[in-house]
Amino acid sequence: MTRIWVDADACPVVIKEILFRAAERTATEMTLVANQAVRVPPSRYIRSLQVTAGFDVADNEIVQRCAAGDLVITSDIPLAAEVIDKGAEALNPRGERYTKANIRARLNMRDFMDTLRSSGVHTGGPPALSQADRKAFADQLDRWLAKCRNE
């Protein structure tokens, strides 16, 4: 049985709501992992897991618990790389799938931007989540759920 794991500390509320509806509609087990309490609707498919505070504690818990074929929702590129190495799939809240083909380039770009920031260059943050981002996320999620139903 495939599951959805959500890196919930930084996941936008609107994305969580899309995930809640999809988990209920498709009877897919989903766990939101965070180092703070996360409210989830009453459901037999949706639960939250609070881990202790600390650097990468929630990420490490997701890596430890996810399995091949599972879907991990995260904007954390190193976490995405780790779950892909385990055979899971990764999707960010903007609807971008991380794959074996693109994850190394994403890691390199992340490291480059970190280097710029540590050199004092202001790189700005990501743009606000747009309606197009929400649609792209929902479309990718639906594709994954349909694939799981057909397996």
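**Exercise 1. Find which residue forms a salt bridge with Arg94, and describe how the pair is placed in the chain.**

Solution. In this predicted model, Arg94 is joined by a salt bridge to Asp133, and the closest N and O atoms are 2.6 Å apart. Arg94 belongs to the loop between β5 and β6 (97-98), whereas Asp133 belongs to helix α5, so the bridge ties together parts that are 39 residues apart in sequence. The next step is to look at the accessibility of each partner. Arg94 has 27% relative accessibility and therefore counts as partly exposed, while Asp133, with a relative accessible area of 15%, is buried, because buried means under 20%.

**Exercise 2. Work out where the partners of the salt bridge between Lys147 and Glu89 lie, and whether each is buried or partly exposed.**

Solution. Begin with the distance: the side chains of Lys147 and Glu89 meet at 2.2 Å, taken from N to O. This pair links distant parts of the chain, since Lys147 is in helix α5 (residues 131-150) and Glu89 is in strand β5, 58 residues apart. Lys147 is partly exposed, with a relative accessible area of 35%, and Glu89 counts as buried at 16% relative accessibility. As a last step, ask what else is connected to the pair: Glu89, Arg97 and Lys147 are linked in a network of salt bridges. A search of the whole structure finds 7 salt bridges.

**Exercise 3. Describe the spacing of Asp139 and Lys135, and then consider what a helix does at such a spacing.**

Solution. The side chains of Asp139 and Lys135 meet in a salt bridge of 2.9 Å, N to O. Both residues lie in helix α5, 4 residues apart, which is about one turn of the helix. An α-helix has 3.6 residues a turn, so residues three or four places apart point the same way. Asp139 counts as partly exposed at 28% relative accessibility, and Lys135 counts as exposed at 51%.

**Exercise 4. Describe the surroundings of Lys16, and state which side chain of opposite charge is nearest.**

Solution. Lys16 is found in helix α1 (residues 13-26). Although Lys16 is buried, Lys16 has no salt bridge, and the nearest side chain of opposite charge, Asp9, is 7.4 Å away. That distance does not qualify because a salt bridge needs the nitrogen within 4 Å of a carboxyl oxygen. When residues up to four places away in sequence are not counted, Lys16 touches Ala8, Cys11, Leu32 and Val38.

**Exercise 5. Identify the buried residues of helix α2 and what covers them, and then place Lys86.**

Solution. In helix α2 (residues 57-65), the buried residues are Ala58, Asp59, Glu61, Ile62 and Val63. Their cover includes β1 (4-7), β2 (30-34), β3 (46-50), β4 (71-73) and α3 (77-85). Lys86 sits in the loop between α3 and β5 (89-91), and counts as partly exposed at 35% relative accessibility. Leaving aside neighbours within four places in sequence, Lys86 is in contact with Val63, Gln64, Cys66 and Ala68.

**Exercise 6. Check the radius of gyration of the protein chain against that of a compact globule, and outline the order of its elements.**

Solution. With 151 residues, a compact globule would have a radius of gyration near 15 Å, and the chain has 15 Å, which agrees. The chain holds 5 helices and 6 strands, and from the N terminus on they run β-α-β-β-α-β-α-β-β-α-α. Of the 151 residues, 39% count as buried.

Definitions and conventions: Residues are numbered from 1 along each chain as its sequence is written. This is a predicted model: local features need pLDDT of at least 70, side-chain atom pairs count only at pLDDT 80 or more; totals for chains, interfaces and linings use all residues. Side-chain values use heavy atoms; hydrogens and water are left out. Helices (H or I, at least four residues) and strands (E, at least two) are DSSP runs, numbered from the N terminus. The radius of gyration is taken over C-alpha atoms; the globule rule is 2.2 Å times the number of residues to the power 0.38. Buried means under 20% relative accessible area, exposed over 50%, partly exposed in between (1.4 Å probe, protein chains only). Lys and Arg count as positive and Asp and Glu as negative; His and the chain ends are not counted. Contact means heavy atoms within 4.5 Å.
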